[in-house]
Amino acid sequence: MPAGRGAGWIMRHPGRQGRVWAAFAVAALLAGCAVPDEVNPVKIYNRVSGNDDALRPEPPGMDRPTPNLATIPPRPERPPPAFRQAVTESLAGDRAASRDPLVLRSIPAPGQGPRTGAPAETGMPAAPVRG
C-alpha cells in the first residue's frame with residue numbers, strides 16, 4: 001500500500017485487494033512455521049551468551065565442600081600370579097562350556113538310562129497347577 005494512503009484506498013481499488021489478502025495469508029502461514037533450533041537466531045544467541053546455562057538447575061553436591069583426596073584408602077594388594085592364573089583358567093573353562101548346546105533335564109543323556117534310587121526329575125508342567 002503506498003505511503004500516506006489509508007485502508008479506504010484498498011477498497012477503491014478492487015484489483016489490489018486480492019494481492020493484499022494474499023500477502024496477509026502468506027504472512028499468517030509463515031508465522032505458524034516452526035524454526036529448527038539450529039537456525040533459530042534466538043536459540044543461537046541464548047546458547048552463545050550463556051542464558052541457557054543460567055536457567056539450568058545446579059548440579060547435585062555443589063553445596064558440599066570439595067572432597068579431600070587424602071581420605072581415599074590405598075590401592076589393595078594384587079593377588080599372587082598363581083591365583084590370578086587359576087582365575088583366568090576357570091573363566092576360560094566357563095566360556096568354553098557356555099558354547100556347548102544346552103541339554104534338557106527331562107531327557108536323559110544318550111547311553112544313560114533312568115536313574116535309580118534318586119527322585120525323578122520333573123519337567124515343566126503342561127498346564128498351571130491349580131490348588
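**Figure 1. The whole chain, from helix to helix.** Follow the sequence from start to end and the pattern reads α-α-α-α-α. Put as a tally, the secondary structure holds five helices and zero strands. Please keep in mind that this is a predicted model. Its pLDDT averages 77, and 71% of the residues score at least 70.

**Figure 2. Two helices at the ends of the confidence range.** Here we set helix H1 beside helix H5. Confidence is lowest in H1, which spans residues 8-12 and has a mean of 57. In H5 the value is highest, at 94. A reader browsing the model may like to have both values at hand when moving from one helix to the other.

**Figure 3. The surface of the protein.** Of the 131 residues, 2% count as buried. The protein exposes about 12800 Å². Carbon and sulfur atoms supply 61% of that exposed area.

**Figure 4. Both ends of helix H3.** This helix covers residues 41-49, and Asn-40 caps its N-terminal end. The cap can be traced from a side-chain oxygen of Asn-40 to the backbone nitrogen of Val-42, a distance of 3.2 Å. At the other side of the view, Gly-50 follows H3. The phi of Gly-50 is positive, near 90 degrees.

**Figure 5. A salt bridge between Asp-53 and Arg-56.** The side chains of these two residues meet with 3.7 Å from N to O. That distance counts as a salt bridge because the cut-off is 4 Å. The count for the protein comes to one salt bridge. Are its partners buried or exposed? Both Asp-53 and Arg-56 are exposed.

**Figure 6. A nonpolar patch with Val-87.** Phe-83, Val-87 and Leu-91 together make a nonpolar surface patch of about 280 Å². Val-87 sits in helix H5, which runs over residues 81-98. Why does Val-87 count as partly exposed? Its relative accessibility is 37%, and partly exposed means from 20% to 50%, so Val-87 falls in that class. For the confidence of this region, look back to Figure 2, where H5 has the highest value, 94.

Conventions: Residues numbered from 1 in each chain as written. Predicted model: local features only at pLDDT ≥ 70, side-chain atom pairs only at ≥ 80, totals over all residues. Heavy atoms only, no water. Buried < 20%, exposed > 50% of the residue type's maximum accessible area, 1.4 Å probe, protein only. Patch = residues over 30% accessible without salt bridge, like charges linked within 9 Å, V, L, I, M, F, W, Y side chains within 5 Å. Areas by Shrake-Rupley, 256 points an atom, 1.4 Å probe, with all protein chains shown as cover. Helix = DSSP H or I, 4+ residues; strand = E, 2+ residues; numbered from the N terminus. pLDDT = per-residue confidence, 0-100. Polar contact = N/O pair within 3.5 Å; in protein donor to acceptor, adjacent residues only side chain to side chain.
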